[in-house]
Structures are given as C-alpha cells and as structure tokens.
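Reader: I have a model open and would like to go through it with you. Can we fix the vocabulary before we start?
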Amino acid sequence: MNTKNLVAEFIGTFNTIFNTAVNGKAGNFAGLAIGLTLVLAILMGGPLTRASLNPARTLGPAIVSANYADLWLYFVGPCVGAILAVLLYIGVLKDKGEA
C-alpha cells in the first residue's frame with residue numbers, strides 16, 4: 001500500500017471540492033475556478049502520484065494497459081476527499097453563514 005499516493009489524491013480532491021465547488025463564491029466563474037484549481041493540484045501532485053484526482057480518468061488507462069496495481073488508491077482517495085469536503089462545508093461553514 002502506498003499511503004503517499006492515497007494522501008496526495010485525497011488532499012488534491014479535497015482542496016478542489018472544498019475551495020471551489022461547494023462554497024459557491026466563484027459565481028459565474030465556477031468552472032474556471034475548478035479547472036484552475038485542478039491544474040494546480042495536478043502540477044503539485046503529478047510527480048508524486050501522476051495526479052489523477054478522477055477515478056474515471058484512472059480506470060480507462062488501467063483497463064487499456066491491464067495494470068491494476070494499487071488502482072483502489074485512485075478510487076478511495078478522491079471519493080473520500082470529496083465527501084469529507086462537502087461534509088465539512090455542510091457541518092461547519094454553511095451553518096455559520098460563511099457561504
């Protein structure tokens with residue numbers, strides 16, 4: 001198990017979801033904000049984990065290359081990161097009127 005990859009995928013996805021997708025502050029530029037945040041997360045995490053941050057993007061090349069080693073890391077990390085970002089926002093920030 002490579003926990004470095006799991007943590008990097010978690011942090012990259014958590015940051016993208018929490019800072020751009022759920023807080024609603026981006027307005028009409030939400031798509032651009034999400035895209036630029038993903039670019040930054042990919043540039044930062046690429047050398048460590050190849051920075052998938054998207055289970056579907058990981059699954060396609062894994063199927064074509066028949067390389068399923070540590071595939072679960074690229075599913076668990078982003079899914080848990082996204083869920084925790086949303087739960088943190090709903091449970092902590094949304095109730096305090098910071099949205």
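Author: Buried means under 20% relative accessible area, exposed means over 50%, and partly exposed is in between, with a 1.4 Å probe and protein chains only. This is a predicted model, where local features need pLDDT of at least 70, side-chain atom pairs count only at pLDDT 80 or more, and totals for chains, interfaces and linings use all residues. Residues are numbered from 1 along each chain as its sequence is written, and side-chain values use heavy atoms, with hydrogens and water left out.

Reader: How many helices and strands does the chain have?
Author: The chain has four helices and zero strands, in the order α-α-α-α from the N terminus. Helices (H or I, at least four residues) and strands (E, at least two) are DSSP runs, numbered from the N terminus.

Reader: What share of the chain counts as buried?
Author: Of its 99 residues, 27% count as buried.

Reader: Is alanine 66 buried or exposed?
Author: Alanine 66 is exposed because its relative accessible area is 55%. This alanine sits in the loop between α3 and α4.

Reader: What is its phi?
Author: The phi of alanine 66 is positive, about 55°, although the residue is not a glycine. Most residues other than glycine have a negative phi.

Reader: And which loop holds aspartate 70?
Author: Aspartate 70 is also in the loop between α3 and α4. Its phi is near 55°, again positive in a residue other than glycine. Aspartate 70 counts as partly exposed because its relative accessibility is 34%.

Reader: Moving on to helix α4. Is tyrosine 89 buried or exposed?
Author: Tyrosine 89, found in helix α4, counts as buried because its relative accessibility is 9%. From C-alpha to C-alpha, tyrosine 89 and isoleucine 17 are 9.9 Å apart in space, and 72 residues apart in sequence.

Reader: What about leucine 84, where does it lie?
Author: Leucine 84 lies in helix α4, which covers residues 73-93. Leucine 84 is partly exposed because its relative accessible area is 39%.

Reader: Which residues make the nonpolar surface patch?
Author: Trp72, Val76, Val80, Ile83, Leu84 and Leu87 make a patch of about 510 Å². Patches are made of residues with over 30% relative accessible area and no salt bridge; like charges are joined within 9 Å, and nonpolar side chains (Val, Leu, Ile, Met, Phe, Trp, Tyr) within 5 Å. A salt bridge is a side-chain nitrogen of Lys or Arg within 4 Å of a carboxyl oxygen of Asp or Glu.

Reader: Change of topic, pockets. How much space lies in the largest pocket?
Author: The largest pocket holds about 250 Å³ of space. Of the 14 residues that line it, Arg50, Thr58, Asn67, Ala69 and Tyr74 are the closest to its centre. On a 1 Å grid over the protein atoms alone, a pocket is an open set of points where a 1.4 Å probe fits, with protein on both sides within 12 Å along at least five of seven lines; lining residues have an atom within 4 Å of a point.

Reader: Which helix gives the most to that lining?
Author: Helix α3 (residues 55-65) gives the most to the lining of the largest pocket, with five residues.

Reader: And how much space lies in the second largest pocket?
Author: The second largest pocket has about 150 Å³. It is lined by 13 residues, and the closest to its centre are Ala8, Gly12, Ala41, Met44 and Gly45. Helices α1 (3-21) and α2 (30-49) each supply at least two residues of that lining, and α2 gives the most, with six.

Note on methods. Areas by Shrake-Rupley, 256 points an atom, 1.4 Å probe, with all protein chains shown as cover. Points joined across faces, edges and corners; volume = space filled by probe spheres on them.
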